[in-house]
Structures are given as C-alpha cells and as structure tokens.
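Q: Could you take a close look at one part of this model for me, namely the chain in the middle of the contacts, and walk me through how it sits with its partners? I'd like one connected answer rather than a list.

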Amino acid sequence: MELERHEYDVVVVGAGGAGLRAAIEAHEAGARTAVVCKSLLGKAHTVMAEGGIAAAMANLYPEDNWRVHFRDTMRGGKMLNHWRMAQLHAQEAPDRVRELEDWGALFDRTPDGLISQRDFGGHRYARLAHVGDRTGLELIRTLQQRTVALGIDVYMECTVTRLLTGPAGDGGAGEEHGVTGAFGYWRESGRFVAWQAPSVVLATGGIGKSYKVTSNSWEYTGDGHSLALQAGATLVNMEFVQFHPTGMVWPPSVRGILVTESVRGDGGVLKNSAGNRFMFDYIPDFFRKETAETEEEADRWYEDKKNNRRPPELLPRDEVARAINSEVKAGRGTPHGGVFLDIASRRPAEYIRKRLPSMYHQFKELAEVDITAEAMEVGPTCHYVMGGVEVEPDTEAARVPGLFAAGEVAGGMHGSNRLGGNSLSDLLVFGRRAGLAAAEHAAEREHTRGVLAEDALADAARAALAPFEREGGENPYTVQHDLQQTMHDLVGIIRTAPEMEQALERIAALKERVAALSVEGHRQYNPGWHLALDLPHMLLVSECIARAALAREESRGGHTRDDFPATDEEWARTNLVCALAPDGDVALTRQPLPQMPPELTEIFES
Amino acid sequence: MPAPRRAAIAERTLRTDRWWVQPLVTVVVLVLFIAYSTFRAFQNAYYYAEPYISPFYSPCITTRCEGDSFPEFFTGPVWISPAIYILVLPLGIRLTCYYYRKAYYRSFWLSPPACAVAEPHRRYTGETRFPLIGQNVHRYFLYAALLFNLILFYEAFRGFRDETGEWGHMGLGTLILLVNAVMLFLYSVSCHSCRHIVGGRLNNFSRHPLRYRAWGLVSKLNARHMQYAWVSLLTVALADFYVFLLATGTITDLRFF
Amino acid sequence: MTYDATFRVWRGDAAGGDLQTFTVAVNEGEVVLDVIHRLQATQAGDLAVRWNCKAGKCGSCSAEVNGRPRLMCMTRMSTFAETETVTVTPLRTFPVIRDLVTDVSYNYEKAAQIPAFAPRPREADGSHRMQQVDVERSQEFRKCIECWLCQDTCHVIRDHEENKRSFAGPRFLIRLAELDMHPLDERDRRDAAQDEFGLGYCNITKCCSEVCPEGIHLTDNGIIPLKERVVDRRFDPLTWLGSKIGRRPSR
C-alpha cells in the first residue's frame with residue numbers, strides 16, 4: 001500500500017478557530033505540531049461567525065466581570081453546563097481576546113480607544129468584541145496569519161478518516177492504551193497519509209450538515225464526534241442542537257444561511273404577518289424578571305441599559321427559535337414561511353450599512369432585498385450542536401489517553417443551549433488549553449511513543465476504497481438528501497417519541513444503504529467519494545442525537561419535546577452520555593451532572 | 001497558449017460582453033485631444049483675445065501677447081511656440097497620473113485590453129525599470145500643476161477686466177476660463193499623490209485631526225478622480241477653442257456686463 | 001419558474017480537457033453554484049468543485065463564469081437570459097487539479113513570505129489603545145476573504161507565468177498595505193514591497209478592484225497608497241533629505 005507517513009508530537013484535526021488556537025499553543029509549548037484540515041486554510045466554518053467574541057472585558061460597562069458572564073452562560077444553558085468549563089471560559093476569555101490584538105486583529109473601537117463591545121441575546125451587558133459583522137473572519141485570519149508566521153505545518157484539503165489507537169509504548173504488558181496517530185487521504189490526489197503522534201486534538205466543528213435547513217457548510221459532517229466515538233471516547237449532551245432563530249428563508253437555494261443576531265442587538269425586531277412584535281407573548285418565567293414587558297421599555301433599553309430591561313427579541317436563541325416556530329405554525333408567518341425581522345424602520349440606512357455590512361450585502365446579492373428599506377424574512381436554521389466529546393474541563397482530554405477536543409466538537413461547556421458570542425470565546429479558551437495539554441501529554445510520552453499498527457492502516461485504506469469496489473450501488477447524494485430530510489422532519493426543533501423512533505428506524509435503513517453505495521470516477525478530487533466517506537460519520541452522530549433526544553423526557557434549551565413540554569427536576573441533574581458498544585451500536589448511559597462548588601452557587605442566589 | 005499545467009483553454013477570453021468598447025472609446029477621445037492640442041501648440045497663433053488667453057499658452061511668456069491687459073513675464077525666442085514650454089508640465093501630470101496610466105496601459109498598450117482578456121505581449125515588467133519607473137515622480141508634476149492652477153485662476157480673474165484693463169467686466173469667456181480653472185484644480189487636488197501627501201502617509205490619524213480632515217476631503221474628491229480627469233481634459237480644450245474662435249474673429253465674446 | 005439551462009463546464013486535468021455541454025434544470029433564486037451542485041448530484045457525481053459556506057464569506061468557490069472571475073455562490077442565475085449558454089471554467093492563472101478545482105498554493109507560498117506583524121508593546125494597563133479612525137483603513141483590507149479572484153485576474157501573472165517568482169499579486173500587496181498602515185505595527189515593509197513582492201510590476205489597471213467580491217478598493221486605497229509610501233522612501237529626494245537631517249515625519 002502506498003502511504004505517506006509523518007511524525008509529530010501533536011496533530012490537530014481541523015483548522016477553524018479552536019484548531020488553529022490549539023496548534024499555536026502546542027507549537028509555542030515546544031511541540032512539533034501539524035494541522036490537518038479538509039478545506040484550504042482560512043476557509044473553516046469559523047469565518048461564518050458574524051456577531052462577536054463574548055468576553056467580560058468591561059470596556060463599556062465597568063459592572064461586567066467574569067461572574068456575570070458565568071451566570072449568563074449557565075442560565076442560557078439552563079444550568080446543564082459543566083460549571084468548571086463555564087467558569088474557565090468566563091475567566092479567560094478577556095485575555096484570549098487581547099492577545100489577538102498582539103497578533104494583528106483590528107477590532108472596532110470605543111471612544112476611549114479600547115475594544116468595542118456589542119449587545120447580544122442572553123448577555124447582561126454589551127460584551128461582544130467585534131469587527132462589524134465579520135468577526136469570525138477576523139478571528140480566523142488572525143490565527144491563520146499567526147500559524148503561518150510560526151511556521152506550523154498545515155495539511156490542507158486532507159481528510160482524517162480514522163484515529164489510530166494502541167499501546168502507548170513498544171507493546172509491553174500493562175501498558176496504557178491510547179492514541180497513536182491518525183489516518184487520512186489527500187482530497188486532491190486521493191492518496192493516503194498517516195501521522196504518528198501521541199497527542200491528537202479534535203477541532204472538527206459540528207454536525208449541521210445532517211439537517212436539511214442549516215447554516216453550516218459541507219464540512220460539518222460530525223466526523224470529529226464520530227472519530228472520537230470510534231476511538232473509544234464518549235459524547236455528552238448530544239440531544240441539544242441549537243436552531244438559530246434567524247436564518248434566511250427565501251429564495252430556497254439560500255434557505256438556512258445565517259442572519260446574525262447582531263441585527264437584533266443593534267435594534268432589529270421580530271414581527272409576524274399581522275405586524276405585531278410577538279416576542280412579548282413568549283417571555284418564559286425563567287427570564288421574566290430581566291425582560292422588558294412593554295415595547296416602550298424595550299426601546300428605551302438600547303439607550304439606557306441600567307434602568308430598563310432587555311427586549312424579548314434578545315432572549316436566548318432557543319426561546320426565540322421556538323417562538324418563531326409557533327408563530328409560523330399558528331398561521332401568522334410570512335409568505336415564505338418565516339417571520340419578519342425589521343431593522344429598516346427602526347434605524348437609519350447609514351447606521352445599518354455601517355454596523356451590518358455583510359448582512360446588507362448578503363440580502364442584496366442573494367435575495368434582492370434592501371435591508372435598509374424593507375424587512376427580512378427569517379426562520380429557524382440548524383446552527384450548532386451543544387453536545388460533543390466529553391472532556392476534562394481543564395485539559396480538554398477525552399476518555400482516551402492522548403485524545404483532546406476543543407470547540408464545537410467538545411461538549412459540556414454550553415449545557416442545553418449556547419449563548420451567541422460564546423462560541424468564538426469557547427474556541428479560543430479551550431483551543432489554547434487543549435493545545436497546551438496535548439503538548440504536555442506528548443512531552444510525557446517523549447520516550448514511550450506508540451507505533452502505528454500496520455494492520456489497522458491497511459484496514460483503514462481498505463474501508464476508504466470500498467465505495468469504488470462496489471458497482472451499480474446507490475449515489476451518495478441521494479442518501480445524504482434522505483438523511484437530511486429525516487433529521488429535519490423527525491428530530492428537528494420540536495420532537496416527539498413516535499417521530500424519533502421512526503427516525504431511528506430510518507437511520508438503520510440508511511446505514512444499510514450507505515454500506516452498499518458506490519461512486520463513479522477515480523480518486524483524484526472526487527466529491528462523490530468524499531461524501532461517501534463522510535456519510536457513516538453523519539449517520540452515527542445522527543443516531544446519537546436521536547437516541548439521546550428520545551431518552552430525555554423533558555424540554556430544556558435546544559431540546560423541545562411536544563410530549564414532555566416542561567423541564568424536569570430529575571433531568572436537571574442528569575447528563576446523557578453516548579459511547580460505542582463493541583457491536584457497533586450506540587450505548588446510552590445516564591450520568592449525574594458535576595456538582596458546582598458553593599462559592600459559585602452563590603452567584604445565582606442574588 | 002496556456003502555461004504548463006493550467007487548464008487547456010485556447011480562447012484568449014471567454015467573455016461574452018463587449019469588453020473592447022471601453023478601450024476603444026478611450027483611444028478615440030485621447031487621440032482626438034492629442035491631435036488637437038498638438039496642432040494648437042505648434043500653431044503659435046490665435047491664443048489670446050483681450051482679455052482672455054488660452055490655457056495652452058498661459059502664463060503668457062512671449063512679447064506677442066503684450067497689450068493692455070497682459071504683463072510681460074519672460075521673453076523667449078518668438079519662433080518657438082510658448083505652448084511647448086508650458087504644455088510639458090500638464091502633459092507630465094497626466095502621463096504619470098494614476099488614473100491615466102490605467103487608461104492608456106489598457107487602451108494603447110493593451111496590457112491588458114480588459115480584465116481577463118489576454119494581453120498580446122510576451123514579456124511584461126510593469127513599472128519596475130526605466131523608463132516606466134519614472135512614473136514615481138508623479139508628485140513633482142503635482143506640485144508644478146498646482147502652480148499652474150494658481151496661474152490659471154489668476155488668468156481667469158483677469159477676465160473680469162475688459163479689453164482696456166478696466167475692472168467690472170464679465171463675458172462667456174470669463175466663465176469658461178473660470179470653470180476650466182476650477183476643473184483643473186479639482187483634477188490636481190483629487191490626485192492620489194495629493195491624498196497621500198495631505199494625510200495618507202500617516203498611520204495614526206487621531207494624532208493629526210486637521211490632516212485627517214483634509215485627507216477625508218481629498219479622499220472624497222479622489223473617488224471622482226477619473227471624472228475630473230476627463231471633464232478637465234474637455235474643459236481645457238474647450239477653453240482653448242473658445243479663445244481660438246475669438247482670436248480668429250469667428251465669433252465675438254458674449255458679454256454679461 | 002423552473003427552466004432548462006445550457007451549461008458548458010470545463011472538465012479535465014493538467015493533462016488536458018475540454019468544455020462539456022450539459023442541460024440542467026434551474027429554479028427561481030438559484031446561483032451558479034446551485035446548478036453545479038445539481039450537475040454533481042444528477043449527471044456528474046465526480047465533478048470536482050471547491051466550495052464551503054455558499055454565502056460569499058469564505059471565498060472557496062472561485063471560478064470564471066462566462067470568462068469573468070466570480071464567486072459561483074454569488075452569481076445569480078437571474079443575471080443570465082434563459083436562452084444564454086453559461087460557461088464555467090477554472091481559474092486560469094493557477095495550475096488545474098481537476099475540473100473546476102485549481103492548485104492555489106502559489107498564494108499560500110506568498111503569504112508565508114510576508115514579514116509578520118510586529119506590534120509595539122502594550123500600554124501599562126495591558127491594553128492597546130487605537131481610535132476607530134486609525135484602524136479603519138487596515139480594516140478594509142482585512143475584509144479580504146482570500147478568494148484569489150484578484151490574483152486570478154491580474155494580468156501580471158495571468159499572462160506571464162514567469163512573473164510569479166517576483167510578484168506577490170494584489171492580495172498580498174494589500175496585505176502589505178494593511179500592515180504598513182496598521183497603527184500598532186513597527187516594521188517598515190516598504191523596501192520589501194518594492195524589492196521582494198514586486199510592487200513595481202503593478203500597472204494599476206484596476207482589474208483586481210473590479211473583481212473583488214468584498215468591494216475592497218484594492219488599487220485606490222491599498223496599492224497606490226503603498227506605491228506612494230515607497231516613493232517617500234525610495235524616489236523622493238525631499239523626504240529622503242528630511243529623513244537624513246533627522247526630521248523624520250511622524251507616522
């Protein structure tokens with residue numbers, strides 16, 4: 001078998017914010033580091049993040065501090081977050097933002113010359129460091145340029161299909177089992193490549209491509225989740241999938257593309273077809289104390305945040321998405337099945353163009369809508385998975401020695417619902433921690449490196465080539481389409497037991513179809529083949545979501561059960577954990593939520 | 001032929017629009033202007049008609065235009081047209097102008113004729129060597145042009161005197177010379193070098209608020225530099241032609257007061 | 001609102017290829033990339049195309065549509081007549097890998113050569129203070145999504161492969177401009193811009209500005225100001241003299 005081989009201390013899979021931040025840290029800690037990514041460098045999904053990076057820097061509100069941010073994050077996640085991750089995140093985010101400036105990032109400024117911060121849903125104070133509405137691009141470009149300046153090796157357009165595990169050392173008795181490296185292929189040539197490394201950091205992002213309407217790109221196939229499971233790690237909170245309330249709905253070809261929350265943070269409001277600001281009818285008791293009750297109060301808040309409460313449009317995303325869903329179901333939607341998001345009648349055209357340039361551009365180019373003159377039509381779109389690889393909060397280490405995970409692929413940090421802006425800060429805080437821990441782990445293994453098992457490499461190669469061996473099978477695009485339809489219809493924003501049971505049956509059937517599909521052409525840059533290799537990952541992760549969602553008999557955050565519409569005391573103390581059983585099935589276990597120490601519980605008592 | 005390993009596409013361009021129209025128009029207009037201005041420069045006659053002087057010949061540096069309203073600056077040999085000395089500088093600013101460079105590199109040198117249309121040259125070194133490296137002296141032509149702008153304003157204001165030198169006159173010629181002076185001035189100050197000199201070279205605008213404002217103003221004008229380049233080219237030819245008509249006695253000046 | 005369009009798509013690799021004609025359905029509101037995806041899903045499963053966000057934010061799906069460098073995801077089908085044949089070809093300036101995918105490694109090699117950002121130290125309170133007006137110019141260039149359309153259209157390398165050695169292309173000239181205008185950066189890149197990255201090759205014919213999907217004014221706001229900054233250092237005896245007698249203009 002023709003195989004290109006490399007040796008590193010740390011291999012980072014994924015070149016979005018978390019991956020690049022991890023690679024930078026690992027490199028600076030002295031580890032020989034490589035980044036492997038499916039796309040070209042700088043194209044990762046992080047570029048799509050628009051609003052900003054949440055960090056309690058208190059540049060605009062001196063009252064803000066990590067405790068307030070921690071409280072907002074936990075409440076946004078309906079208290080199901082891993083408290084330690086939420087704490088580290090709130091404490092370290094400001095430093096992570098500041099160091100980006102040392103690497104060339106140029107954030108928008110306050111009149112004092114500091115980093116400006118903007119309002120976002122669920123955040124008590126204006127807290128999001130931003131650059132217009134293209135913060136993700138700034139983040140990825142800054143980290144990319146830093147990565148290049150440090151001379152870190154990047155394997156672009158290269159897909160990892162397997163994590164390799166084995167005895168950590170030369171195979172002696174009683175040795176610890178752990179990660180030994182990774183196997184993948186070059187998209188360009190289809191040739192195989194293997195990296196031997198004692199530490200692998202997964203930073204592969206999310207799973208959105210399993211859904212029909214999504215803001216996610218093709219890369220979001222859940223491959224990191226699936227690789228971790230197959231290597232023996234566990235996934236936590238997989239039932240929680242965030243539907244962003246505002247995706248484009250028209251024309252059909254752009255359905256799902258994100259409309260940033262900043263539109264609402266900067267004054268935009270949601271209206272139904274009758275012209276009513278319906279969000280006032282959907283304020284849950286949990287947030288009633290801090291939400292405005294009248295339009296007048298809500299409008300005053302933009303000018304005076306101390307004496308007024310927040311507009312209900314800025315409730316956490318799960319609340320807003322459910323409200324939009326209900327309005328449309330009740331027949332008060334727009335002609336194309338969304339609701340109106342109106343900033344045109346509330347802010348001057350110049351302000352809109354200045355604050356939201358890429359939204360202006362996106363609607364103008366793709367929908368022929370001028371957002372400074374008319375309302376946008378928006379509806380929920382699959383955006384983010386809160387669930388992911390179960391990790392140690394301080395090191396991002398998964399249950400398999402040598403495996404780390406950071407960013408969207410890791411679970412726990414966001415509980416049942418993520419606040420806007422907490423994703424970019426999550427990438428930076430935990431990307432750095434994962435990179436550091438991965439480098440330390442590699443240093444400990446300096447003299448006991450595991451080797452790549454030849455039979456495992458041969459098996460991985462055989463599996464990758466299997467779709468070419470079969471003839472006359474189904475086309476992978478059809479299978480993907482059917483999976484997306486299944487998840488959209490049956491495991492979507494509102495769920496019921498019978499539908500999810502049906503989804504599991506369909507997923508089982510799809511697994512059989514995937515095992516039989518075939519691809520045309522040859523190995524050189526063949527998207528049909530690439531999709532065929534992604535599909536098993538998508539199916540495995542979809543199964544985890546459906547199983548966990550079926551088991552959790554309550555509604556909380558990004559998981560809404562029509563048959564169990566209330567939150568439940570017992571479930572409030574329980575996490576669901578997915579693992580791969582030896583027979584290849586997904587095994588689900590209940591696990592108690594980690595106990596928050598008293599000095600943190602105090603924060604919620606005031 | 002495509003370079004090795006590039007996609008084998010034989011067509012010089014696959015553009016389906018009429019990409020050749022713009023360079024063609026540029027060539028036609030510029031050739032007409034060059035022909036006209038060359039003829040006028042060598043004609044060495046009909047360039048003043050009290051109280052007006054053609055912008056091609058101002059400031060008047062021969063004894064020919066001595067009269068009631070023109071002072072004597074400098075006397076060169078009569079057989080050399082004074083326009084030859086004078087036109088070198090406006091020609092210089094336009095030749096080295098960042099806008100005209102685009103226009104003539106595209107339309108005359110076909111480098112490239114239009115975007116994504118292959119150029120016909122085998123080698124290309126751009127402005128890296130002599131003589132084109134000389135384009136970098138653009139700012140010195142700007143300084144000279146600003147001096148000429150002053151002179152043209154001076155000449156235009158002298159149009160408020162009548163042919164006997166008495167103040168309180170205005171004719172169509174006055175207006176034409178004034179508009180021409182304004183357009184040429186806008187062309188000069190909207191120039192990229194000017195934008196750089198007034199403030200563009202700074203890195204911390206907030207420490208230089210006045211220069212920042214000046215830079216902002218010039219930047220606004222700079223966005224219309226191309227328009228000023230064409231309009232001022234037309235006004236200068238028109239102003240000269242008007243003086244020519246007066247000087248040959250073809251028409252008489254329309255007098256407002 | 002659905003109609004059948006005629007598409008000519010270049011298929012092949014470095015060894016050769018040609019334009020192949022397809023008849024394919026087009027629905028209301030679609031862009032060229034949607035149609036390419038439909039071809040992939042129904043008629044040519046192995047048609048190679050690079051794409052990611054499909055929202056004009058990542059700059060992956062660059063190609064030439066009817067001879068003009070464009071993002072396929074931002075080229076609406078409604079800009080063509082229903083009877084018009086739409087021709088889609090790979091970027092011409094770069095070696096082709098397969099079908100619409102080209103080898104853009106030239107750009108990554110140039111990126112690695114740019115002298116890195118070198119900031120002044122932080123202030124005593126650990127912050128960097130900059131006013132909005134100080135950051136806006138460089139922010140414009142940081143909007144760049146690295147779609148390489150400007151690199152593709154630039155005749156300096158499009159028509160002259162041999163210039164790739166000495167010319168970095170418009171994207172990296174504005175990267176140099178961005179760093180040179182960056183209020184925190186302390187490194188002087190003017191000599192490098194001229195000597196190593198080929199600023200002098202640019203004859204400001206502005207095709208880069210014309211194709212930029214982000215509307216960045218590469219020429220007027222980036223390359224020309226950079227040329228003027230180089231003039232300050234290299235070609236203007238007055239500023240040269242000023243720097244020699246110690247009156248260095250504060251930047």
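A: Let's start with a working meaning for "buried": a residue counts as buried if 20 or more other C-beta atoms lie within 10 Å of its own, with C-beta atoms placed from the backbone. By that yardstick, 39% of the 257 residues in chain B are buried. For chain C, the buried residues make up 60% of its 251 residues. Keep in mind throughout that this is a predicted model.

Now to chain C itself, the part you asked about. Chain C is built from 10 helices and 7 strands. Its C-alpha trace spans about 70 × 45 × 30 Å along the principal axes. Take the contacts in chain C between residues at least 6 apart in sequence: 62% of them join residues at least 24 apart.

Who touches whom? There are 2 pairs of chains that touch, and the pair with the most contacts is B and C. Chains A and B have no contact with each other, and their closest C-alpha atoms lie 10 Å apart. Chain C also touches chain A, with 46 residues from chain C and 44 residues from chain A taking part.

Start with the B side. The contact between these two takes 49 residues from chain C and 43 residues from chain B. On chain C, the elements giving two or more residues to that side are the strands β1 (3–13), β2 (16–26), β4 (68–71) and β5 (86–89), plus the helices α3 (132–142), α5 (155–158), α8 (207–211) and α9 (218–234). If you want one element of chain C to click on, pick α9(C), which gives the most to this side, with 7 residues. As for chemistry, the side of chain C that touches chain B has 20 nonpolar, 15 polar and 14 charged residues.

The partner here, chain B, has 8 helices and 2 strands. Reading along its sequence, you go through the pattern α-β-β-α-α-α-α-α-α-α. The C-alpha trace of chain B spans about 75 × 50 × 35 Å along its principal axes. Of the contacts in chain B with a separation of 6 or more, 67% are between residues 24 or more positions apart.

Now turn to the other partner. On chain A, the side that touches chain C draws at least two residues from each of α3 (83–102), α4 (135–150), α11 (357–367) and α16 (527–551). Here α4(A) gives the most, with 5 residues. By class, this side of chain A has 19 nonpolar, 12 polar and 13 charged residues.

One of those helices takes you from the contact into the core. The largest nonpolar core has 310 residues, and A:Val201 and A:Leu202 are the ones with the most contacts inside it. The element that gives the most to this core is α16(A), with 15 residues. Zoom in on A:Val201 and leave aside its neighbours within four places in sequence: its contacts then include A:Val10, A:Val12, A:Val13 and A:Ala22, along with A:Phe404, A:Ala406 and A:Ala434. A:Gly435 and A:Ala438 are in contact with A:Val201 as well.

While you're in chain A, have a look at strand β16 (residues 376–385). All 10 of its 10 residues are buried, so β16(A) is largely enclosed by the rest of the structure. Two strands of chain A to look at beside it are β13 and β15. Strand β13 (residues 241–248) runs antiparallel to β16(A) and is joined to it by 6 bridges. In that pairing, A:Phe243 stands opposite A:Cys382. Strand β15 (residues 339–342) is also antiparallel to β16(A), with 3 bridges joining the two. There, A:Leu341 has A:Met376 as its bridge partner.

Last, the domains of chain A. It is divided into domain 1 (244–382) and domain 2 (468–568). Their C-alpha centres lie 30 Å apart. The two do touch, with 5 residues of domain 1 in contact with 5 residues of domain 2. On the domain 1 side, helix α9 (residues 317–329) of chain A gives the most, with 4 residues. That side divides into 2 nonpolar, 1 polar and 2 charged residues.

Note on methods:
Residues are numbered from 1 along each chain as its sequence is written. Chains are lettered from A and ligands numbered from 1 in the order in which they are written. This is a predicted model: local features need pLDDT of at least 70, side-chain atom pairs count only at pLDDT 80 or more; totals for chains, interfaces and linings use all residues. Two residues are in contact if their C-beta atoms, placed from the backbone, lie within 7 Å. Ala, Val, Leu, Ile, Met, Phe, Trp, Tyr, Cys and Pro count as nonpolar, Asp, Glu, Lys and Arg as charged, and the others, Gly among them, as polar. A residue is buried if 20 or more other C-beta atoms lie within 10 Å of its own, exposed if 12 or fewer, and partly exposed in between; C-beta atoms are placed from the backbone. Two strands pair if DSSP finds at least two bridges between them. Domain bounds come from an automatic or database domain assignment. A nonpolar core is a set of buried Ala, Val, Leu, Ile, Met, Phe, Trp, Tyr and Cys residues joined through C-beta atoms within 7 Å.
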